[in-house]
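Me: I am new to this structure and would like a close look at a single part, the largest pocket. Please set it against the chain as a whole.

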Amino acid sequence: MSFWQPYNKTLHRILTRQQVRDYDAWAIQQMGIPGVVLMENAGRSAAEIALTMLGPNRDSEVGIFCGAGNNGGDGFVIARHLANSGVTVKIICCAVREKMTGDALINLTICEKMAVPIVWLEQPENTLYPQIHGLCKGYHLIVDAILGTGLKGELSSFYVALISCINSLKIPILAIDIPSGLDCDLGIPLPVCIEAAATVSFVAAKPGFFENGKTLPVLGDLYIASIGIVD
């Protein structure tokens, strides 16, 4: 049984940033599902899509860029499932470890105990290009688990440089929930965003995917994945 499907406008709904927050709160508070379980379900679905993108070759190498929030936590779950499937995985953390908290920290700790390779990016943005191109040389897929749907306002110079560097790799990218740097509701880059080959959006599509004629190309193939419960 697959927990994800290609987006179909007749089957799948659209939820705003606030509606997504409300949905998560309902699942945790009313239905009693711990947030870490929702993260596990989301990450597992995304890992299945990553494996589909890689095809039958399990000698593939994947770089997973993880931020400090729940989007990064999804990335840690993805890393674990890909590693368990025999894929060579490298986690590239885009924030200092002290900023990792909650469910994301739980999943980071599991990856550390599994000895999944983890690299912590140096923060000065002028060092990013050689770091990232060196780390990802020869990789077959990049997973973007940096920034999620909660993003508002203009990106810092570090994230502008980071996203621009990742796009310059010319390696297919799977964006988790939303391409990092894209406004969830407005569909505009802030001022840049990940240019994905595929995007897996959890629970529902987001209005920003369709608000701007320039948005659809940066999404790539759009999938909707379950987090384990339907209201």
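Reply: About 10200 Å² of the protein chain is exposed, and 55% of that area is supplied by carbon and sulfur atoms. The model is predicted. Buried residues, those under 20% relative accessible area, account for 52% of the 231 residues in the chain.

The chain has eight helices and eight strands. Its radius of gyration is 16 Å, close to the 17 Å that the globule rule gives for 231 residues, so the protein chain is as compact as a globular protein of that length. The C-alpha trace spans about 45 × 40 × 35 Å along its principal axes. Taking contacts between residues at least 6 apart in sequence, 75% join residues at least 24 apart.

Now to the part itself. Rolling a probe the size of a water molecule over the atoms shows where empty space is left. The largest pocket has a volume of about 610 Å³. Its lining is made up of 25 residues, and the closest to the pocket centre are Asp24, Asn70, Asn71, Thr149 and Asp177. Three helices give two or more residues each to this lining: α1 (17-30), α2 (35-54) and α3 (70-84). The largest share comes from α1, with five residues. Asp24 lies within the span of α1, while Asn70 and Asn71 lie within the span of α3.

Sorted by class, the lining of the largest pocket holds eleven nonpolar residues, along with seven polar and seven charged ones. Of the residues closest to the centre, Asp24 and Asp177 count as charged, and Asn70, Asn71 and Thr149 as polar.

Note on methods:
Residues are numbered from 1 along each chain as its sequence is written. This is a predicted model: local features need pLDDT of at least 70, side-chain atom pairs count only at pLDDT 80 or more; totals for chains, interfaces and linings use all residues. Side-chain values use heavy atoms; hydrogens and water are left out. On a 1 Å grid over the protein atoms alone, a cavity is a set of points where a 1.4 Å probe fits but cannot get out, and a pocket is an open set with protein on both sides within 12 Å along at least five of seven lines; lining residues have an atom within 4 Å of a point. Grid points are joined across faces, edges and corners, and a volume is the space filled by probe spheres set on the points. Helices (H or I, at least four residues) and strands (E, at least two) are DSSP runs, numbered from the N terminus. The radius of gyration is taken over C-alpha atoms; the globule rule is 2.2 Å times the number of residues to the power 0.38. Buried means under 20% relative accessible area, exposed over 50%, partly exposed in between (1.4 Å probe, protein chains only). Contact means heavy atoms within 4.5 Å. Accessible areas come from the Shrake-Rupley method with a 1.4 Å probe; for residues, only the protein chains shown count as cover.
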